Amino acid sequence: MRINAWIWPGLASAAALAALVIGLVLVDRAGEAAIARQQAATAAAARDYFMAFAREEGARALATALNRRARISAQDGFRYALEDAQGRMIAGSDVISSLDAPDEGWRTVVEPDTRPRRLWRVLAQPLGGGLTLVVAEDLGARDALRRAVFQESALAVLITGLGAAVGGFGLNAMLLRRTRAIADTAARIADGDLSARAPVGGRRDVFDDLAADLNRMLARIEELMTGMRTVTDSIAHDLRSPLTRMKGALVRAGDSAAPEPVRLAALDEANTAADSVLATLNALLDIARAESGLSREMMQRLDLGALALEMTELFGPACEDAGQRLLCEVPAEPIVAWGHPALLRQAVGNLLHNAATHAGPGAMVHLIVREADGRRARIAVADDGPGVPAEHLGRVRERFVRLEAARSGPGSGLGLALAAACAKLHGGELILADNEPGLLAALEIAVRPRT
């Protein structure tokens with residue numbers, strides 16, 4: 001699987017460059033407008049100041065002030081002068097003498113004999129007595145300020161853009177590296193390598209979380225695929241015998257030369273073999289529904305203590321026939337869980353059936369319901385029979401696993417597998433432990449529905 005590392009970053013860079021150009025144009029125009037407003041306000045303020053000065057101090061004092069200011073040569077881009085009624089400059093900056101000042105108000109004029117061309121924005125304000133106050137702004141100074149603002153803004157934006165570009169390409173390279181590893185894992189899975197796993201680093205970022213979740217999913221898929229192969233092999237092995245017996249019995253039953261009792265016995269044998277096959281297939285279907293979650297829509301609120309008392313009443317006679325005693329212990333307060341009633345009854349029934357079958361005569365069988373913690377409840381079946389060897393406790397919950405002592409009796413080896421699938425459907429697990437003596441088989445299930 002190939003991921004192009006440059007298409008989207010290149011498009012993003014082009015879009016960012018276009019946005020940079022547009023932004024700089026907007027900054028330039030906004031800066032020009034702001035400077036124009038500021039300079040116009042400065043000129044108007046200077047005019048108002050000198051007008052007030054002339055009224056209070058007189059024209060002679062104003063001329064002296066303008067001459068003094070001209071000698072200072074302020075670098076703010078403004079020049080000030082006082083003209084008489086004939087337009088002759090009598091005080092202030094001599095540059096204004098070459099400018100064609102308006103009679104009143106604003107005018108943009110060109111300073112003669114200058115290369116390059118030099119523009120001035122000139123404001124004329126009559127003061128009375130034939131005198132006119134002239135305020136001239138050097139537009140070249142304004143343009144210099146504008147260029148300085150533009151250049152500094154462009155430099156700042158350029159540095160920011162370069163930093164963003166470097167960071168973006170670095171982030172893109174990191175994202176591509178992490179996603180390519182996950183994509184490679186997906187490609188290996190698609191090619192049939194179910195053992196492939198996505199690499200998980202130590203950063204605990206979103207990619208590590210994604211890889212961890214993906215690995216859990218892959219582990220579950222591998223587990224299901226392995227289980228499917230195991231089930232397929234086990235079905236082929238365990239159903240071959242009853243189907244072979246059924247076929248042989250049907251052949252004998254179809255022999256017209258055979259005595260009637262022999263034919264009837266053969267039919268009974270075929271019927272028994274068919275019942276065994278159907279029971280095995282039904283158990284496998286129940287396990288498949290539980291493991292896939294298809295039974296979850298049948299869940300409802302139920303009292304685990306009441307369910308245990310019901311199962312005790314149902315299996316009490318079977319335990320008595322086996323020479324055993326069945327006792328039930330439930331708490332005084334109901335333990336309410338969100339569960340599948342039929343599957344829970346079947347799972348508890350399988351545990352009780354195993355105890356009645358394997359604990360032996362004289363055994364005590366206890367069905368106990370209690371809270372395991374604040375979020376789980378436990379339904380346990382404990383007996384004091386011979387139990388299960390410790391090295392086999394992990395195996396007996398697998399499908400079709402039957403220990404040597406149980407192979408001579410009826411059964412398919414699916415009872416504990418169904419109980420384990422039922423516990424998993426209910427957000428818990430099947431626990432098998434040594435009861436010292438005997439076996440403790442406990443269904444731990446969640447008492448709150450999973451969201």
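Phe50 is buried, with a relative accessible area of 7%, where buried denotes under 20% relative accessible area, exposed over 50% and partly exposed the range in between, evaluated with a 1.4 Å probe on protein chains only. The structure is a predicted model, in which local features need pLDDT of at least 70 and side-chain atom pairs count only at pLDDT 80 or more, whereas totals for chains, interfaces and linings use all residues. Residues are numbered from 1 along each chain as its sequence is written, and side-chain values rest on heavy atoms, with hydrogens and water left out.

Rings of Phe, Tyr and Trp (the six-membered ring of the latter) are paired if their centres lie within 6.5 Å, with planes under 30 degrees apart taken as stacked, over 60 as edge-to-face and the rest as tilted. By this rule the count comes to 4 aromatic pairs. The rings of Tyr49 and Phe50 have centres 5.4 Å apart and planes at 65°, so this pair is edge-to-face. Ring pairs further link Tyr49, Phe50, Phe53, Phe78 and Tyr80 into a cluster.

Two packed helices are described by the angle between their axes and the distance between the axes. Helices (H or I, at least four residues) and strands (E, at least two) are DSSP runs numbered from the N terminus. The axes of helix H7 (residues 304-321) and helix H8 (residues 341-358) come within 10 Å and cross at roughly 40°, the axes being lines fitted to C-alpha atoms over the stretch in contact, with angles from 0 to 180 degrees between N-to-C directions. H7 and H8 are therefore oblique to each other, given that angles under 35 degrees count as roughly parallel, over 145 as roughly antiparallel, 65 to 115 as roughly perpendicular and the rest as oblique. Contact, defined as heavy atoms within 4.5 Å, involves Leu304, Leu307, Glu310, Met311, Phe315 and Cys319 in H7, which meet residues of H8 including Leu344, Arg345, Val348 and Leu352.

Thr185, placed in helix H3 (residues 139-190), is buried, with a relative accessible area of 4%. Residues up to four places away in sequence not being counted, Thr185 touches Ala196, Arg197, Ala198, Pro199 and Leu218.

Most residues other than glycine have a negative phi, and most peptide bonds are trans. Glu436, although not a glycine, has a positive phi of about 50°, and a cis peptide bond with omega of about -5° joins Glu436 and Pro437. Pro437 is found in the loop between strand E11 (429-434) and strand E12 (439-446), as is Glu436, which is exposed, with a relative accessible area of 68%.
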